[in-house]
Amino acid sequence: MYNMLKHAHSGLRWVLLLALIFAIIKGYQAWKGGQGFSKKASLFGLIFTHVQLLIGLLLYGVFSPLVSFGEGFMKNSVTRFYTVEHLAIMLLAIILITVGYSRGKRKSNDADAGKSVFTFYLIGLFLILLGIPWPFRGLGAGWF
Ligand code: HEM
């Protein structure tokens with residue numbers, strides 16, 4: 001179960017990144033390019049973000065041996081990363097994306113809706129890129 005969730009969480013990052021980039025481009029086109037706002041694009045971005053959150057919560061609360069509140073966990077860069085940094089950065093990103101989605105949904109015109117999704121999703125994307133344990137960060141995680 002642990003391995004399955006870990007690989008799902010790891011592989012889904014790519015789907016999530018693509019979905020966010022697509023929603024950001026669509027948001028920009030609605031905001032500046034006079035195109036219709038794509039509710040679907042922003043919804044896909046939101047759904048994948050929340051699926052990652054669900055799997056992440058299971059890993060965090062139940063399965064991952066890398067999450068620990070044991071003595072000295074803040075001194076170990078790997079346990080500190082997964083127990084504190086990854087969680088905090090990703091939760092902030094997920095909150096921003098959720099706010100961007102719901103604000104976008106409530107706007108009465110396409111340009112304002114696009115602006116909201118573009119802005120919030122872009123900040124969320126930067127945070128997610130920052131919070132991913134890329135292999136070159138030496139945190140023991142892979143590319144997939
Ligand atoms: C939403 C954006 C998120 C992305 C893109 C993301 C991405 C990743 C990636 C790529 C890994 C490394 C997996 C590997 O070992 O190859 C990872 C690990 C982990 N993530 Fe996330 N994550 C996200 C959100 C979260 C959240 C919100 C939580 C907690 C609630 C979480 C908890 C964890 C835990 C506990 C691990 C360590 C798993 C292990 O190797 O034992 N993640 N995450």
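How far from a nitrogen atom of the ligand does a polar side-chain atom of His-9 lie? In the predicted model examined here, the separation between this polar atom of His-9 and the ligand nitrogen is 2.7 Å.

The overall fold provides the setting for this contact. The chain contains four helices and zero strands, and its elements follow one another in the pattern α-α-α-α. The C-alpha trace extends over about 55 × 25 × 25 Å along its principal axes. Of the 144 residues of the chain, 38% count as buried.

The ligand occupies the largest pocket. A total of 26 residues surround the ligand, and Tyr-2, His-9, Ser-10, Ser-64 and His-86 come nearest. At least two residues of this shell are supplied by each of α1, α2 (39-63) and α3.

The iron atom of the ligand receives two protein donors, the NE2 atoms of His-9 and His-86, at 2.0 to 2.1 Å. These histidines bring together distant parts of the chain: His-9 belongs to helix α1 (residues 2-32) and His-86 to helix α3 (residues 77-106), with their positions 77 residues apart in the numbering. The arrangement around the iron atom of the ligand is octahedral because the six donor atoms subtend angles of 84 to 179 degrees. Both coordinating residues fall below the 20% cut-off for burial: His-9 is buried, since its relative accessible area is 18%, and His-86 is likewise buried, with a relative accessibility of 16%.

Further polar contacts to the ligand involve oxygen atoms. An N or O atom in the side chain of Tyr-2 is placed 2.5 Å from an oxygen atom of the ligand. For Ser-64, a polar side-chain atom is likewise found 2.5 Å from a ligand oxygen.

A separate set of results concerns Asn-109, which is located in the loop between α3 and α4 (110-131). This residue counts as partly exposed because its relative accessibility is 33%, a value between the limits of 20% and 50%. A polar atom of the Asn-109 side chain lies 2.9 Å from the backbone nitrogen of Asp-112. Asn-109 and Phe-37 are 72 residues apart along the chain, and their C-alpha atoms are separated by 8.4 Å.

Methods: Residues are numbered from 1 along each chain as its sequence is written. This is a predicted model: local features need pLDDT of at least 70, side-chain atom pairs count only at pLDDT 80 or more; totals for chains, interfaces and linings use all residues. Side-chain values use heavy atoms; hydrogens and water are left out. Donors are N, O and S atoms within 2.8 Å of the metal (3.2 Å for Na, K and Ca); water is not among the atoms, so sites may look incomplete. Four donors count as tetrahedral if all angles lie between 85 and 135 degrees; four count as square planar and six as octahedral if opposite donors are over 155 degrees apart and all others between 65 and 115; anything else is irregular. Buried means under 20% relative accessible area, exposed over 50%, partly exposed in between (1.4 Å probe, protein chains only). A residue is near a molecule or strand if one of its heavy atoms lies within 4 Å of it. A polar contact is a pair of N or O atoms within 3.5 Å; within protein, one must be able to donate a hydrogen and the other to accept it, and residues adjacent in sequence count only if both atoms are side-chain atoms. On a 1 Å grid over the protein atoms alone, a cavity is a set of points where a 1.4 Å probe fits but cannot get out, and a pocket is an open set with protein on both sides within 12 Å along at least five of seven lines; lining residues have an atom within 4 Å of a point. A molecule sits in a cavity or pocket if more than half of its atoms lie within 2 Å of its grid points.
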